[in-house]
Amino acid sequence: MPAESYIICQDLFKIYKVADLEVVALRGLDLAVDRGEVVAIVGASGSGKSTLLNILAGYDTPSAGKVSVGDRDLLRMGGREVESYRRHEVGFVWQQTSRNLFPYLSALENVALPMMLTNTSPQEREERAENLLDLVGLADRAEHTPERLSGGEQQRVAIAVALANNPPLLLADEPTGELDDATASEVLDLFGTVNQELDTTIVIVTHDPEIAYKVGRVVMIRDGKTSTEIRRKREYTRRITGSVDTETPLEEYTLVDGAGRVQLPREFLEELKIHDRASVRIEDGKVTIVSAEE
Ligand SMILES: Nc1ncnc2c1ncn2[C@@H]1O[C@H](COP(=O)(O)OP(=O)(O)OP(=O)(O)O)[C@@H](O)[C@H]1O
Ligand SMILES: [Mg+2]
């Protein structure tokens with residue numbers, strides 16, 4: 001794992017205790033993201049996607065492992081540092097449009113609000129809020145309250161709110177989950193604009209089945225661990241658009257964790273009749289895994 005990565009998760013665990021039961025939401029997750037990269041996180045419901053995002057956002061603390069963003073160690077941050085981290089380093093967009101905005105404030109006021117927590121002068125707040133609304137294409141809706149905006153427009157404002165304090169990292173948990181396909185693709189395009197214009201690193205959780213054709217890098221989480229990754233062969237790091245590009249070839253990789261563990265697809269195990277043990281050898285510079293029963 002390159003030491004200079006912007007986000008580093010190593011052997012990350014999150015265990016929730018519910019009454020006497022323990023739920024392991026993350027079990028030894030590894031992930032490295034470079035500055036300015038766009039990464040989509042996919043995985044079945046309950047696989048740990050939101051848990052990971054909440055940890056990266058500083059909303060939740062992991063149970064064990066390592067996680068750092070820039071030069072901040074998220075496991076060691078004190079209360080004040082967490083506050084400052086949330087205000088300056090990250091922006092967050094939720095799936096529920098209603099959760100992102102205050103209903104009684106206009107779009108402009110919503111965008112200006114987070115800047116009140118960072119000692120930004122009133123004049124600068126207004127100017128920046130106007131610029132951000134312009135960036136998300138809603139300069140002409142500045143005075144509208146959320147109920148007078150469409151779902152897609154609300155998510156655009158939410159992105160502007162998340163960017164209010166110019167954070168280097170933008171996290172989005174299924175930001176297009178409640179939108180129709182056409183609107184969803186416009187919002188994905190907007191993430192691309194943000195990445196290109198502001199150099200913002202973006203980690204986005206999505207259930208979009210076509211996401212591999214829209215972003216440069218897709219990481220799949222299975223049972224609380226990263227399992228496989230799909231990258232495009234060219235220009236893979238900085239790309240997110242709403243339109244599908246099936247021209248550029250994709251490469252799928254199995255991820256190898258820090259301890260050398262590899263997860264094999266279930267179909268392979270079934271086909272090779274591998275149950276609880278296999279024989280692993282090096283042959284002609286390749287690793288081969290065969291059923292122990294052979
Ligand atoms: N606050 C919590 N308390 C207890 N268990 C939790 C809590 N949050 C999440 N979990 C459990 O942790 C696991 C991972 O949940 P998480 O919300 O990260 O999944 P997800 O991949 O985001 O799923 P979805 O696609 O449905 O949003 C699940 O088994 C979930 O029930
Ligand atoms: Mg979730």
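Strand 6 (residues 90-93) has its side chains split two ways: Val-90 and Phe-92 point to one side, Gly-91 and Val-93 to the other, and all of them are buried. This is a predicted model, by the way. Strand 6 has a parallel partner in strand 7 (residues 169-173), and the two share 4 bridges. One of the residues involved is Val-93, whose bridge partner in strand 7 is Ala-172.

Now for the antiparallel side of things. Four strands make up an open sheet, running in the order 2-1-4-5 with antiparallel pairing. Strand 2 (21-33) and strand 5 (72-73) sit at the edges with a single partner strand each, so one side of each has no neighbour in the sheet. Further in, strand 1 (residues 7-18) pairs with strand 4 (residues 64-69) over 5 bridges, in the antiparallel sense. Within that pairing, Phe-13 has Ala-64 of strand 4 as its bridge partner.

Here are the two strand pairs side by side:

| Strand pair | Sense | Bridges | A bridge partner pair |
|---|---|---|---|
| Strand 1 and strand 4 | antiparallel | 5 bridges | Phe-13 and Ala-64 |
| Strand 6 and strand 7 | parallel | 4 bridges | Val-93 and Ala-172 |

What lies across strand 1, strand 2 and strand 4? That would be helix 1 (residues 49-56), which runs at about 65° to strand 2. Helix 1 is mostly covered, with 6 of its 8 residues buried. The buried ones are Lys-49, Thr-51, Leu-52, Leu-53, Ile-55 and Leu-56. Just past the end of helix 1, Gly-58 takes a positive phi of about 80°.

Helix 1 also turns up at ligand 1, where it gives the most to the surrounding shell, with 3 residues. Strand 1, strand 2 and helix 1 each put in at least two residues. The full set around ligand 1 reads Tyr-16, Val-18, Val-23, Ala-25, Gly-43, Ser-45, Gly-46, Ser-47, Gly-48, Lys-49, Ser-50 and Thr-51. Sorted by class, that shell comes to 4 nonpolar, 7 polar and 1 charged residues. Lys-49 and Thr-51 are in the shell, and both are also among the buried residues of helix 1.

Last stop is Ser-150, in the loop between helix 5 (122-135) and helix 6 (151-162). Is Ser-150 buried or exposed? Ser-150 counts as exposed, because it has 12 C-beta neighbours inside 10 Å, and the cut-off for exposed is 12 or fewer. From Ser-150 to Thr-183 is 33 residues in sequence, and 9.7 Å in space from C-alpha to C-alpha.

Terms used: Residues numbered from 1 in each chain as written. Chains lettered and ligands numbered in written order. Predicted model: local features only at pLDDT ≥ 70, side-chain atom pairs only at ≥ 80, totals over all residues. Pairing = 2+ DSSP bridges. Contact = placed C-beta atoms within 7 Å. Axes fitted to C-alpha atoms, helices over the stretch in contact; angles between N-to-C directions. Buried ≥ 20, exposed ≤ 12 C-beta atoms within 10 Å, placed from the backbone. Near = placed C-beta within 6 Å. Nonpolar A, V, L, I, M, F, W, Y, C, P; charged D, E, K, R; others polar.
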